[in-house]
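Me: I am new to this structure and would like to know how each label attached to it is justified. Could you take my questions one at a time and set each value against its cut-off?

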Amino acid sequence: MSTAKQVRQPWVVGVSGASGTPYAASVLRALLAAGEAVDLVVSRAARLTLLDETGISFRDAHWHEDLAQWLGVQELENVRYWPAGDFAAGPSSGSYPAKGMLVVPATTGAVAGIALGLSKDLLQRAAAVTLKERRPLVVCVRETPLDGVTLKHLVELDAQGAVVLPASPGFYAGGSTARELVDFVAGRVLDAVGVPHELYRRWEGDLGSGGKVA
Ligand SMILES: Cc1cc2nc3c(=O)[nH]c(=O)nc-3n(C[C@H](O)[C@H](O)[C@H](O)COP(=O)(O)O)c2cc1C
């Protein structure tokens, strides 16, 4: 009989203050549906975008009820929440057994901070740790148009081994509602780290099978 204790190995999900909180919600729901553990970090600026896009005031002291309302999910026992200013949090250390990190959505500020190793908050520190530990890091950048500095930072992230995954939905999967297009991007984020999901219909080589987009 094995006496080894089963170690919880979460995905760290960093939500930064770019427009696109539905992308984060879709990724979080799909990770939980896949039975994955999640450590959640929400930047200070992300509280503004969340408030703007959902009407929800995300509070450290009431994160559980705020997250349940945001995701429309009540079973959150697989989620651990860390305030963005908490540098003593688990994901601040490489010895914390995280699987990797998904920054969804990623601001140009988060892109810069991660590329330059600034670690100005827990989200950026956890991303720096993910890179130094050579764990998978996906950066789902959301901005348009992109300036030259951000493009350089994205190239730098790619060189450091991160997956740069723009929040840029494809239309070949037949999606036409906003929710389907959001789920397409979320599905590509999960594809990048090998987590199974059913968020979008995969390309199977049938030209024209996506249906007509209005
Ligand atoms: C409503 C709103 C929408 C924003 N959308 C974006 C965006 O799409 N992309 C981006 O890079 N920054 C966006 N910003 C600006 C960032 O929130 C700001 O640069 C912030 O400093 C980023 O901090 P963070 O990376 O710690 O979350 C937005 C701000 C607000 C209030």
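Me: In which strand does Pro105 lie, and what kind of peptide bond joins Val104 and Pro105?

Reply: In this predicted model, Pro105 lies in strand β4, which spans residues 100-106. The bond that joins Val104 to Pro105 is a cis peptide bond, with an omega of about -15°. A cis peptide bond also joins Thr144 and Pro145, where omega is about -10°, and Pro145 is placed in the loop between β5 (137-141) and α6 (148-159).

Me: Why is Arg188 called buried or exposed, and where does Arg188 lie?

Reply: Arg188 lies in helix α7. A residue counts as buried if 20 or more other C-beta atoms lie within 10 Å of its own, and Arg188 has 20 C-beta neighbours inside 10 Å, so Arg188 counts as buried.

Me: What makes Tyr172 buried, exposed or partly exposed?

Reply: The class between buried, at 20 or more, and exposed, at 12 or fewer, is called partly exposed. Tyr172 has 18 C-beta neighbours inside 10 Å and therefore counts as partly exposed. Its place is in the loop between β6 (163-164) and α7 (178-193), and, leaving aside neighbours within four places in sequence, Tyr172 is in contact with Trp203 and Gly210.

Me: Which annotation covers Tyr172 and Arg188, and how do you know that they cluster in space?

Reply: An unreviewed UniProt entry gives the annotation "binding site", which covers Tyr172 and Arg188. Although they are spread over 17 residues of sequence, the largest C-alpha distance is 13.2 Å, and they cluster in space.

Me: What is unusual to look for in the phi of Ser119 and of Arg134, and why are they called buried, exposed or partly exposed?

Reply: Ser119 has a positive phi of about 55° although it is not a glycine, and Arg134, also not a glycine, has a positive phi of about 60°. Ser119 lies in the loop between α4 and α5 (122-132), and with 17 C-beta neighbours inside 10 Å it counts as partly exposed. Arg134 is in the loop between α5 and β5; because it has 11 other C-beta atoms within 10 Å, Arg134 is exposed, the cut-off for that class being 12 or fewer.

Me: Which residues of helix α3 are buried, and why are they said to be on one side of α3?

Reply: In helix α3, residues 63-71, the buried residues are Asp66, Leu67 and Trp70. They cover an arc of only 95° around the axis, which puts them on the same side of α3. In general, an α-helix has 3.6 residues a turn, so residues three or four places apart point the same way. Among the elements that cover the buried residues of α3 are α1 (21-33), α2 (44-54) and β3 (79-83).

Me: What makes up the shell around the ligand, and which element gives the largest share?

Reply: The ligand is surrounded by 17 residues, the closest being Ser16, Gly17, Ser43, Ala45 and Thr107. The elements that give two or more residues to this shell are α2 and α4 (108-116), and α2, with five residues, gives the largest share. By class, the shell has five nonpolar, eight polar and four charged residues.

Key
Residues are numbered from 1 along each chain as its sequence is written. This is a predicted model: local features need pLDDT of at least 70, side-chain atom pairs count only at pLDDT 80 or more; totals for chains, interfaces and linings use all residues. Helices (H or I, at least four residues) and strands (E, at least two) are DSSP runs, numbered from the N terminus. The arc is that of the directions from the helix axis to the C-beta atoms. Two residues are in contact if their C-beta atoms, placed from the backbone, lie within 7 Å. A residue is near a molecule or strand if its C-beta atom, placed from the backbone, lies within 6 Å of it. Ala, Val, Leu, Ile, Met, Phe, Trp, Tyr, Cys and Pro count as nonpolar, Asp, Glu, Lys and Arg as charged, and the others, Gly among them, as polar. UniProt positions are given in the numbering used here, feature names are shortened, and annotations may be inferred rather than shown by experiment.
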